[in-house]
Structure formats: C-alpha cells, structure tokens
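Student: I should like to learn how helix packing and aromatic pairs are read from a model. May we work through a case together?

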Amino acid sequence: NFVRAYQSVRNYRDIDDSETLLEVVEGAIEALSKTAEQMPQSAEVHHLLGTMYHLRFLESGNTNAAVDGQSHYLLSLDLAAKNPRYRAPLLQQLGQLQSAVGNHYRAVERFEERERLPFSTATSYLNLLMMKARSQYHSARPSDASSTTREALSFVKKTDAISIYLPWVLNRLGFYLYAAEDYEAALEVYLQAEMPGRPGSDTEKKDSWNHVRHLTMKAASALGSGQLEVAKSVLSESLSEVASIKHSSPAPFGTPGARGRAAQHSPQDQRIIILGLQSQVATKMGEWDVARAKLESRRKLILDRYRELERPHDLAELAHASYGLATFAWRRKDYESVRKHLEDGLENMDTFNEENATLLHPATIELVRGYAALHFYGKIPLDSLSEDLPQRLGLLYDELCLRDNPKWERERFILGVYRSMLRLRSHQ
C-alpha cells in the first residue's frame, strides 16, 4: 500500500486537472490510512499521509484536511525525534501548512526550528529564509521580514551558485522595507536593482510585468520619502508600460489559491494601483484637479472590476475612493458633491458590511465622520441628507465603545462629540 501510494502521487505536480489530482490524492490517503494501521510507528507513513492531507487542503480548501495533515506531520516529527535529516523537511512542511491556513506566527516558529538544522544545498537555505520572511510580513512584522531578507541578500551575494536569485531577493527586500515605512531604504534597494551588470537585470527588463511592478514600487518608495518629482516621472513610465501588457500574471503577495497558486493580477489591477499613487503624488504637489481626475479614473476602474468579479473588498475600495473625492469637493466648497460622494460610499459600505457582518471598517468610520462634518460645518440640514445621520452615528459610536480598542480612541472621541452636538440640537 505504501509503495503504491507513493508511486501514484510522486509526480503530482505534472497533473494539471484539479479533479484528477484530488482523485489520486484520495486514493493515496485511503491506501496510506490502511498502512498506518499496520505500521503505526512508521515516521515515513505518517509523513506521506500528512503530505497527502496537505495536498487535499491546498486543492480543495477543506480545513479539516489541514488539521489531519498537521496531526500526521506532528506524529511523524515525534517518531523521528532523533533524526535531524528527517525532521528538517517535516518542520518546513509544517511551516508551509501553517502559512497556507493563515497562521503565520506559528509558521515562523516552525521555519525557525527548521533553520537550526543542517541544509544540503544553498538553494534550500535561501528558500527557507524567504518563506520565513514572507510569514513575518503576513504576521504584521515587516521590519522582521526586512531583517530576514537582508540575511538572504548577504547570503546570495557571497554564494555564486545562487546569484541568479538576486533580483527576487532585492524585489522582496524593497517591498518589506516599504511595508515597514522605511521608504528611503526601499528606494535605495530599487535603485540598486537597476544597476548595470546586476544578475538578471537584462532579463527583468524584458519581462514587462516584473518591470512594471518594479517601477510602481520604486515610485511608491519615492513618494513615501518625499521625492515627488521622481515618483511622478516613474509612475508615468509605469502607466505607459502597463498599456503594452495584455495578459494577467500571478499576483505578488496575493492570496494563495488552489495548490498554493496566487490570485491573478490583471493589467487593470495594476492601473488601479498606479492611478491611486498618481493621485497621492498630485495631492502632495498641490495639483488638485489632476489628483481628482486620477482618483475618478481609479474609482471607475474599480467599479468595472466589481461589476465583473463581485469581490467584496472592491466595495471598500470604492467607498474609500468616494471619500477621497468628497475631500476634493470640500476644498472647492461644493457641498452638494461632497454629499453625493459620501452617500455613494456609505451605500457601498452598507453592502460590504452586510456581506462581512461587520460595522467597524476604516472606510465606514471616515465616511460617517465626514457625513457629520458635512452637516455641522457644511451647514447641510438633516432633512437634506439621504441617510439618517443620527442613527448611523449612534450605531457606529456604540460599536466603537463596545470594542474598546485603543486604535479607535481618536475616532471614538470625535464621533462622541458629534453625537453630543446632535443631541443638544435636538433639544433646542
């Protein structure tokens, strides 16, 4: 049973059809389960059985399979307690499984355990460091991710056999530095990636997707570090280059899909990102009409994407864009446009909150706060508003008080003031 199961799945990566792969995996699980009953002390059997459940989870999304996979991995780990060569791949697979289910804190712990054991190749050590950095980033530790990736960069630079991976490591390092808000260091890394003669630099320029992403992150880093003219120029180049791309690409840092594949990222998705950055640059430069036009174009593309794919997070993006357009209208004292944009955003967030069973989203808070400001400072009467401001304000304030999270303290105070002002007015 063990040999047949191993032979049936050893080339699973060559099976493209999901249903066929699942059938093969199910057959292997059935055969291995019988073998495990006969050989309960076999680390090899439990390891392979854990791998099959891991595959079932990646292919089907069935979380019970992830639980079963972890159980067999852990049992195999105990049985191989005195065999570091066998423990090494088990710890790595446990880390990958934890990462796949979103438990990145635990994944980092497993990767660190693996790191303390020997490595047979330079590539395997580099891969471990990069997986660890990715989970550090996804567990809200971008500074740790940057530090780990710097280790990887140092290792690549002194190991000729893996110099081909330098572009990949530089790309990730730049991103993690940007996420850690170390914008100047991020920009320096993206400039370093453009140095003539760097391994992979010519290939990267030929790969339109990689080049566009590089330009976009370089511009974002320039924006963050206050180099607005650089950001403006690079974003213009990036938007021009994305026009030549006709195909989608796996999304970097995207949510893994079946078999760990990333979600697809289309040219339209990239335009949405670039337009948002261009709007921010124009805003910081005081080019208000340009900033508004870029944000309007961005919102239109997000709306088109939502109508096509109906992804809930696009509703929040639409709402946030509406709030941005409301702030531009506020500068012009066009309070009717402010009202329209805020109400459009609130409508989007009503749908989003209903689908996600939540009231506390930053977009909802900023929209309700803006709606209250419109009434008090824009002098728009309550009966001219399409939405019930006192009710919305009360529900949101009550929810903020129930959560009692320090990060909402400023919003809770502001909304509380507005709520008190409404109550005072109602008694006058």
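**Aromatic pairs and helix packing**

Tutor: Let us begin with one ring in this predicted model. Tyr 125 has a relative accessibility of 22% and therefore counts as partly exposed.

Student: Which residue forms an aromatic pair with Tyr 125, and how is such a pair described?

Tutor: An aromatic pair is described by the distance of the ring centres and the angle of the planes. Tyr 125 pairs with Phe 119 at 5.0 Å centre to centre, with 65 degrees between the planes, an edge-to-face arrangement. Phe 119 is partly exposed as well, at 24% relative accessible area. Together with Phe 155, Phe 119 and Tyr 125 form one aromatic cluster.

Student: Why is the pair of Tyr 137 and Tyr 176 called tilted?

Tutor: Its planes stand at 40 degrees, with the centres 5.6 Å apart, so the pair is tilted. Tyr 137 lies in helix H7 and Tyr 176 in helix H9, 39 residues apart, and the pair thus links distant parts of the chain. Tyr 137 is partly exposed at 22%, whereas Tyr 176 is buried at 1%.

Student: How are two packed helices described?

Tutor: One gives the angle between their axes and the distance between the axes. For H5 (residues 84–100) and H7 (residues 122–138), the axes come within 11 Å and cross at roughly 30 degrees. Angles under 35 degrees count as roughly parallel, and H5 and H7 are therefore roughly parallel to each other. The crossing of H5 past H7 is left-handed.

Student: Which residues make the contact?

Tutor: H5 contributes Gln 92, Gln 96 and Ser 99, while H7 contributes Asn 127, Leu 128, Met 131, Arg 134 and Ser 135. By class, the contact has two nonpolar, five polar and one charged residues.

How values were computed
Residues are numbered from 1 along each chain as its sequence is written. This is a predicted model: local features need pLDDT of at least 70, side-chain atom pairs count only at pLDDT 80 or more; totals for chains, interfaces and linings use all residues. Side-chain values use heavy atoms; hydrogens and water are left out. Axes are lines fitted to C-alpha atoms, for helices over the stretch in contact, and angles run from 0 to 180 degrees between N-to-C directions. Helices (H or I, at least four residues) and strands (E, at least two) are DSSP runs, numbered from the N terminus. Angles under 35 degrees count as roughly parallel, over 145 as roughly antiparallel, 65 to 115 as roughly perpendicular and the rest as oblique. A crossing is left-handed if the near helix is turned anticlockwise from the far one by less than a right angle, and right-handed if clockwise. Contact means heavy atoms within 4.5 Å. Ala, Val, Leu, Ile, Met, Phe, Trp, Tyr, Cys and Pro count as nonpolar, Asp, Glu, Lys and Arg as charged, and the others, Gly among them, as polar. Rings of Phe, Tyr and Trp (its six-membered ring) pair if their centres lie within 6.5 Å; planes under 30 degrees apart count as stacked, over 60 as edge-to-face and the rest as tilted. Buried means under 20% relative accessible area, exposed over 50%, partly exposed in between (1.4 Å probe, protein chains only).
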